[in-house]
Structure formats: structure tokens, C-alpha cells
Amino acid sequence: MTDEKKRSMFAVLASLLAARGWRWRLAPLAAALSMLAFSGGAGAKDCYFEDCGGSNNSACWLGEGVRWCQYSVINGTNCRYHQVNVYNHTGYGAVNTAWQQWNYPPVGPANSVFLKTDGINNYNHDIDYDWAYYGYTGWWGYATWSSAGGCFTRGSGHVRLNRTYIEGNYNRQLITANHETGHEIGLGHVCYCTPGAPVMIPCLNCGNSNVGSCDAQGAAAIYPNCQ
Ligand SMILES: [Zn+2]
């Protein structure tokens, strides 16, 4: 394995550790693990060193215990949908693709979350997506939010995409947008590598950029379809 390849893997590993910003700041251990990631080898079981290591690392999906609680009812049915107002302040089309993939997972069950933009260029959205050359921070994407009573606080979601690492690489943009959006709708990390592995794996050495079956199952559990 070339040094270049190692660097890219380590960057991913650290990036996804840091992506859950709230936990990153709360857990000094995460910093130590990040150092480990930068000095250790890369491979599927690197996931073991992430914050999802331990007893839950082989789960299909894990919830963060928070969801977007607002909903509307589809006329003439009992079906609810949870519309989340989003805005893409970046130049990455992958963000819009990520919304589409979570709304309509390519594989796996349907759900009732509905990420939709009002097209208004301000920072009052439930989730605003920014990009910048944040530098060699160790993270590709970074998701933050606040919540109360198990519900995301409306307008509190913020995703930062680090152009330093993902500029010019669509797959990196897509998995980062998918992964951070997964956090923003209530999904945490899982850790295993199989074909079609979830985007909620906190390292990218499994090679999947699209919302997978387990991701879809998680979204459907948090936002049951036509509940
Ligand atoms: Zn993450």
C-alpha cells in the first residue's frame, strides 16, 4: 500500500470520528483514538477503534436517540411525513443527491423523512450545508445540531464539508454528504465491512458511497413509512 493510499484512509478515519462534533468535543478519548488512527494501519477493522467500537459495532444500524419530530399528514390517508427544510450552500451536487437517497433509499425499506429545500438562501433551515477549505483538520465532514426531548431543534442542523479533502472527488463528496446527513436525521455509527456496507460506517475503507440497505432500515425505524 502506498503512502498516499494510507494517508487518504487515515484522513477518512479521523474525519468520521470528528464528524459527530458534539461527541468529539465531549470525549477526550476521541482525540487519543484519532492519534491512533493516524499512526496505525488501515483496514476494515479500523472501525473497531471508532466511537462505535465495542458491543454495538456489528449492528445493522444505530440511532442517536433523536429525530425530527415535526410532521404533516398526507391528505386522505393516515400517512405522516417528516419534512425537514434543508439548504445546500455548497457547490456540491452530492448534497442534493444525498437528500434524494435518504428520501428514497436506493435499496431497503421506504421511510417518511422528507428532506426538501425551500430554495431561500439564508441560514434559517433545519439543516444548512456549508463548504470551505477548512484545512487538514482530520475530518471530511462535520455535523452539528441541538435537540430537546428526543427531537432535533428546528433550525439547528449544520453540516460542514471540507474542500481540503474532498474537492474534485465526487465519491468522497457523496459519501461525506450521505454520512453527515445520516447523523442529521438521527443515525449513529456502525462498524463492519460488507458489500453494500452502510454509509454510517465511520471509515471509508468499505468502498460504498450510497445509502445502503442497513442505512435505509435505520431511517425506516426512526421514521416509519406511512405510520
Ligand atoms: Zn460520523
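In this predicted model, S72 has Y81 of strand β2 as its bridge partner. That pair belongs to the contact between strand β1, residues 72–73, and β2, which pair in the antiparallel sense over 2 bridges. The two strands form a hairpin with 6 residues between them, and within this hairpin G76 adopts a positive phi near 80 degrees.

From the hairpin, the description can follow β2 to its other neighbours. Strand β3, residues 113–117, runs parallel to β2 and is joined to it by 5 bridges. One position in this pairing is H82, which stands opposite V113 in β3. The chain passes from β2 to β3 by way of helix α4, residues 93–103, and the resulting β-α-β crossover is right-handed.

A further parallel partner of β2 is strand β4. Here β2, spanning residues 80–88, pairs with β4, spanning residues 127–132, over 3 bridges. Two residue pairs help to locate this pairing in the structure. V86 has I127 of β4 as its bridge partner, while N88 is partnered by Y129, also in β4. Strand β2 therefore takes part in pairings with β1, with β3 and with β4.

How much of β2 is buried? A residue counts as buried if 20 or more other C-beta atoms lie within 10 Å of its own. By that criterion 7 of the 9 residues of β2 are buried, so the strand is largely enclosed by the rest of the structure. For the chain as a whole, which has 227 residues, 45% count as buried.

The pairing continues from β4 to another strand. Strand β8, residues 157–162, runs parallel to β4, and 6 bridges join the two. Within this pairing A132 stands opposite N162 in β8. Strand β4 is thus bridged to β2 and also to β8.

These strands can finally be placed in the context of the whole chain. Its secondary structure comprises 7 helices and 8 strands. Among the contacts in the chain with a separation of 6 or more, 74% are between residues 24 or more positions apart. The pairings described above can be traced in sequence terms as well: β2 covers residues 80–88 and its parallel partner β4 covers residues 127–132, whereas β8, the parallel partner of β4, covers residues 157–162.

Methods:
Residues are numbered from 1 along each chain as its sequence is written. This is a predicted model: local features need pLDDT of at least 70, side-chain atom pairs count only at pLDDT 80 or more; totals for chains, interfaces and linings use all residues. Two strands pair if DSSP finds at least two bridges between them. Helices (H or I, at least four residues) and strands (E, at least two) are DSSP runs, numbered from the N terminus. A residue is buried if 20 or more other C-beta atoms lie within 10 Å of its own, exposed if 12 or fewer, and partly exposed in between; C-beta atoms are placed from the backbone. A crossover is right-handed if, with the strands pointing away from the viewer, the path from the first strand over the helix to the second runs clockwise. Two residues are in contact if their C-beta atoms, placed from the backbone, lie within 7 Å.
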